[in-house]
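Got the model open in your viewer? Switch to a cartoon view and keep the selection box handy, and we'll walk through it stop by stop.

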Amino acid sequence: MSDRLTSAHDRWVDRDAAVVWHGFTQMSTYGANRPVIVDWAEGRELVDVDGRRYLDAISSLWVTTLGHRVPELDEALRLQIDRVAHSTMLGNGNTTTVRLAEALAPRVPVSEPHFLFASDGAAAVEQALKIAFQYWTNQGVTTRTRFLALGNAYHGDTIGSLSVGADGFGTDIFDPLRFQPLRAPGYDDPGWADTAVALIAAHADELAAVVVEPLVQGAAGMLVTDPASVERVADACREHGVLLVVDEVATGFGRTGTLFASEQCRIRPDVLCIGKGLTGGYLPMAATVASRRVYEAFLGPDLSEFTLYHGHSFSGNALAAAVALRHLELFDELEVLANVRDRARQLGDALDGVARHPAVGEIRRRGLMVGVELAPPTDGLRWGRRVCAAAVERGVLLRPLGDVVVIMPILTSTPDEIDRIVRVLGEAIDEVCCP
Ligand SMILES: *Cc1c(COP(=O)(O)O)cnc(C)c1O
C-alpha cells in the first residue's frame with residue numbers, strides 16, 4: 001500500500017472522528033481500531049477510500065439482504081423519487097406505503113395484520129410495548145401492566161426497548177430509568193422455556209405481554225433455541241390470555257432460512273416487530289405488525305382515548321416503502337430463501353473444521369446467522385476484536401460481539417464467497433490465537 005493511499009484512510013478517519021459520534025464505539029480509540037471508511041459498494045463488496053475491497057460478511061450489521069446497489073432496488077428508488085419522497089402517514093395516506101402493507105400482509109405470520117411503520121427496530125419494539133399495554137387498558141383491564149422478557153435479550157436502545165432487553169454491560173447505567181419486566185432465562189439455559197411457561201402461568205393476571213426473539217438471540221452472541229421451545233411459550237401465552245410480542249427485527253427477511261423465524265416455530269404472534277432487512281438494508285424502515293384482535297381494541301369514537309397516540313415523523317416513508325415493496329418481490333424472483341438454505345448447509349459443513357480448532361469453544365447457527373465463540377485461555381486477550389481485525393486485513397469484513405465472531409453473510413452470497421469467509425476466518429484465528 002503506497003503512502004498516498006495510506007494517508008487517504010488516515011485523513012478520512014481524522015475528519016470522521018472530528019465530527020461524528022459512532023454508536024457502540026469508544027471514540028478515544030476509534031481510529032486506532034482501524035475502521036473501514038466506505039466510499040462505495042458493489043454487489044457483496046464494500047470499497048474503502050483507498051479502493052480496498054471487503055466482502056461484507058456481516059450484511060452491514062445484519063441489514064443487507066440481497067447485496068449493495070441491487071439494480072432492481074436502485075430502480076425502485078429512482079421511480080419513487082419522481083413521485084414523492086415522503087408524506088406524512090399521521091392521519092393521511094400514501095399509495096406506495098399502502099401497496100407495501102398489502103404485499104406484506106399475506107407474508108407476515110400475523111392474522112389479519114395492520115402495520116404501524118417506524119424507522120428503526122427499537123422504535124418498532126417501543127411501539128409494540130405501548131400497543132400491548134394499551135390493548136388492556138382500552139378494555140378496562142388495569143392490572144396487566146408488566147412484561148415478561150428473557151435473559152440475554154436485545155430489543156434496541158431506547159429506554160423502553162432497553163427495559164425489556166437484558167441486564168448487563170452498558171445497560172446497568174440506565175437502571176434508574178428502566179422499568180423492570182419479569183425475567184426468564186435466555187437461550188443459553190436449556191430450561192429457559194420451562195421457566196418462561198411457569199412464570200406466565202404464575203403471573204398471568206399482571207402480564208400484558210411476553211416479548212421474545214424467536215430461534216436466535218442475536219446480539220447476545222447468536223444464542224440459539226429450538227422451534228418447539230418457542231412454540232411452547234407461545235402456547236402458554238394463548239392459554240393464559242397474555243399477548244405474544246415477537247421481535248423479528250434480526251431474524252426476519254430470510255436470515256434463518258424462512259421469511260420469518262416464526263414460521264419454523266409455528267407461531268402466530270399478536271404483535272410482530274420487523275426492521276433491519278425490511279428494505280433490503282437500503283433505508284431505515286421498521287414496522288410493528290398487530291393482529292386484528294389487537295388492532296380492534298383501539299377502535300372507538302374519533303378523538304377518544306382508544307386511539308394509539310403514537311407515531312413517528314418518518315413513519316411509512318415512501319422511498320423506503322418503494323424499496324421494501326420491490327425487495328419483497330425479489331425474494332421470490334431470485335429464489336432467495338432456496339439460496340439461504342443451500343448456503344447455510346454449505347456454511348455449516350465448512351465450519352466443521354473451524355469448530356475443531358482448539359481456540360474455538362462453540363459454533364451456533366440458524367440459517368445464515370452464525371456465532372463462532374472463541375475460547376481464550378485468559379481474560380483481556382481481545383480475541384474477538386483481533387480475529388475480526390485480521391479478517392478485515394484479508395478483505396473480509398467481520399465484527400465481533402465480545403469473543404463471538406458473528407458471520408451474517410448477505411443472503412445472495414455465492415458458494416465461493418462462503419468458502420472465502422470460512423477460509424479467512426480460519427487464517428485469522430490461526431494468526432491471532434496460535435501465533
Ligand atoms: C437490531 C435489533 C433491534 C434494534 O433495531 P435498530 O434498528 O438497531 O433500532 C431490535 N431487536 C433485535 C432482535 C435486533 O437485533
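Start by selecting strand 13 (360-366) and strand 14 (369-374). In this predicted model, the two make a hairpin with 2 residues between them. Click on Gly-367 in the turn: its phi is positive, about 60°. The strands run antiparallel and share 6 bridges, and one pair to pick out is Arg-366 with its bridge partner Met-369 in strand 14. Strands here are DSSP runs of E with at least two residues, helices are runs of H or I with at least four residues, and both are numbered from the N terminus. Two strands count as paired if DSSP finds at least two bridges between them.

A quick word on ground rules. Residues are numbered from 1 along each chain as its sequence is written, and side-chain values use heavy atoms, with hydrogens and water left out. Because this is a predicted model, local features need pLDDT of at least 70 and side-chain atom pairs count only at pLDDT 80 or more, while totals for chains, interfaces and linings use all residues.

**Widen to the antiparallel sheet**

Add strand 17 (404-407) and strand 16 (399-401) to the selection. You now have an open sheet of 4 strands in the order 13-14-17-16, with antiparallel pairing. Strand 13 and strand 16 are the edge strands, each pairing on one side only. Neighbouring strands are turned by 25° against each other on average, direction ignored. Strand 14 and strand 17 are joined by 4 bridges; look for Val-372, whose bridge partner in strand 17 is Val-405.

Which helices pack on this sheet? Helix 12 does, touching strand 13, strand 14 and strand 17, and its direction makes about 175° with that of strand 13. Helix 14 touches strand 13, strand 14 and strand 17 as well, at about 165° to the direction of strand 17. Contact means heavy atoms within 4.5 Å; the axes are lines fitted to C-alpha atoms, for helices over the stretch in contact, and angles run from 0 to 180 degrees between N-to-C directions.

**The other hairpin**

Next, select strand 2 (residues 45-48) and strand 3 (residues 53-56). They form a hairpin with 4 residues between them, and Gly-51 in the turn has a positive phi of about 80°. The pairing is antiparallel over 3 bridges, with Leu-46 opposite Tyr-54. Strand 3 also runs parallel to strand 15 (residues 396-397), joined by 2 bridges; there Asp-56 stands opposite Leu-397.

While you're here, show the side chains of Glu-45 and Arg-420. They form a salt bridge, with the closest N and O atoms 3.9 Å apart. The rule is a side-chain nitrogen of Lys or Arg within 4 Å of a carboxyl oxygen of Asp or Glu. This pair links distant parts of the chain: Glu-45 sits in strand 2 and Arg-420 in helix 14 (residues 415-433), 375 residues apart. By this rule, the model has 23 salt bridges.

**Colour by domain**

Colour 36-66 + 335-433 as domain 1 and 71-333 as domain 2. Those bounds come from an automatic or database domain assignment. The domain centres, taken over C-alpha atoms, are 27 Å apart, and the contact takes 26 residues from domain 1 and 28 residues from domain 2.

About 2200 Å² is buried between the two domains, with carbon and sulfur atoms giving 66%. That is the accessible area (1.4 Å probe) that two parts lose on being put together, summed over both. Show Trp-62, Arg-366 and Met-369 in domain 1: they lose the most area to domain 2, together 31% of what that side buries.

How many salt bridges cross between the domains? The count is 0. There are, however, 15 residue pairs in polar contact, both residues at pLDDT 80 or more. A polar contact is a pair of N or O atoms within 3.5 Å; within protein, one must be able to donate a hydrogen and the other to accept it, and residues adjacent in sequence count only if both atoms are side-chain atoms.

**Last stop: the mixed sheet**

Finally, find the open sheet of 7 strands, ordered 4-12-11-10-7-5-6, with mixed pairing. Strand 4 (114-118) and strand 6 (182-184) stand at the edges with a single partner strand each, so one side of each is left without a neighbour in the sheet. The twist averages 20° from one strand to the next. Zoom in on strand 7 (residues 207-212) and strand 10 (residues 243-247), which run parallel and are joined by 4 bridges. Val-211 has Val-245 as its bridge partner in strand 10.
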